[in-house]
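Okay, thanks for coming, everyone. I'd like to spend a couple of minutes on empty space inside a protein, so let's get the model up on the screen.

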Amino acid sequence: MTRPMRLLVVGVSLVLALAACTQSPSAPPPTPTAAATSDLDGIKEYLLGQTRVLTAAAAELQAPSDRYYALAKETSFDYEALWAMRRQEVIAAIEAARAAWIKASPIYEKMEGIVAGTPSLAQFDVDLDAGAAGAEDPDNAVSFDLTLPDGRTLPKPGNLFGVTESALWGTEPAFASGVAADWNGNGAIEFGETLPDANVLKASADVLAQMANDLHAAAAVWTPTESDAFTALVVMVPTMSEYFASWRDSRFVLGDASTQRDFNVISRLADIQDILGGLEVVYAQVRPRVESVDRAQAEQIAAGLRDLKAFVADIYAQEQNGRRFTPEEADTLGAEAQNRATAITGQITQVAGLLGVKIVE
């Protein structure tokens, strides 16, 4: 998910301004009642639960990636010979790696709202799932170079879930072997019928596994604050237009006309639901503090998050049932989701101000 952070900061600033404008100058704001500070243990427990399963899933991705690398190495990385001589073993290894990737990616999305929205953890989101390739967007690029087993270095290649996805499904030519592989023998090369560059796949799977472990370690020593929780909500809820734009440009909408290299295997509509689910966990932990200001508004925020998630779920259900949305429809739906998200965020920001909780932009 390439997240244009400069635009995100502008969006948060607009939400802050909107929240300020909604406060009536003629009526003083409600005075918070005596309420204990939020018990945020649930946020950390949820995050650690996700990081644990992510480390296991990343290890599952490493194993078949290593098998594929070993097969390629046996043929001195002659991919035509590899396909001719070890076809079934190659297919088995790649299919296992793909299954592990499909398992790992949603695990991360379920915690992304917390990771990306917490300043002390946000770099993990850039490097795992959000950062661009340095050549495409230097300002929003990942922080690492990828060193391959054969000694090559790919400078700032893009986020790790994106690199592994595009290597496994062949959407980035620089990560592929260049050998046509007709998996089903029908005489046509279809989406996903590819042989990855084994060096790229192994290196990216290895670094993804290491970074998943690093994220788990960072989460273990992190103590969430109310500022962290409210910041995560204010930063991550109003990102709907970005996600819908990625969905619009993917194969799920454009089909074979898509030139987007990632988010072509799992629909962004599924990702949005996972992200919102994690943010609902965050809100549940601070809701008692919101109720100390205004119980009705506390319920409005919770209902808004539920309704936004249900709105996306309905679109996803239609897609799963075979509907192909047009780019224009995707833009319209994205605008509706963004309007809902902006309204929710304005309410959260206003309450944070009344509570004296700092939002970190």
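I'll go through the cavities here and what lines them. Keep in mind that this is a predicted model.

A quick word on the idea: rolling a probe the size of a water molecule over the atoms shows where empty space is left.

So how many cavities of 30 Å³ or more does a search of the whole structure find? It turns up 2.

Let's take the largest cavity, which has a volume of about 60 Å³. It's lined by 12 residues, and the closest to its centre are Trp 101, Ser 105, Glu 165, Phe 263 and Asp 271. If you want to find your way by helices, look at H4, residues 87-117, and H6, residues 160-169: each of them supplies at least two residues of that lining. Which one gives the largest share? That's H6, with 3 residues. As for chemistry, the lining of this largest cavity is a mix, with 5 nonpolar residues, 3 polar and 4 charged.

Now over to the second largest cavity, with about 30 Å³ of space in it. Around this one you'll see Ile 43, Ile 114, Thr 118, Trp 222, Asp 228, Ala 229, Ala 232 and Val 282. Helix H8, which runs over residues 226-236, gives the most to this lining, with 3 residues. And the chemistry here? The lining of the second largest cavity splits into 6 nonpolar residues, 1 polar and 1 charged.

Okay, that's my tour of the cavities. Happy to rotate the view if anyone wants another look.

Definitions and conventions: Residues numbered from 1 in each chain as written. Predicted model: local features only at pLDDT ≥ 70, side-chain atom pairs only at ≥ 80, totals over all residues. Heavy atoms only, no water. 1 Å grid on protein atoms, 1.4 Å probe; cavity = no way out; pocket = protein on both sides within 12 Å on 5 of 7 lines; lining within 4 Å. Points joined across faces, edges and corners; volume = space filled by probe spheres on them. Helix = DSSP H or I, 4+ residues; strand = E, 2+ residues; numbered from the N terminus. Nonpolar A, V, L, I, M, F, W, Y, C, P; charged D, E, K, R; others polar.
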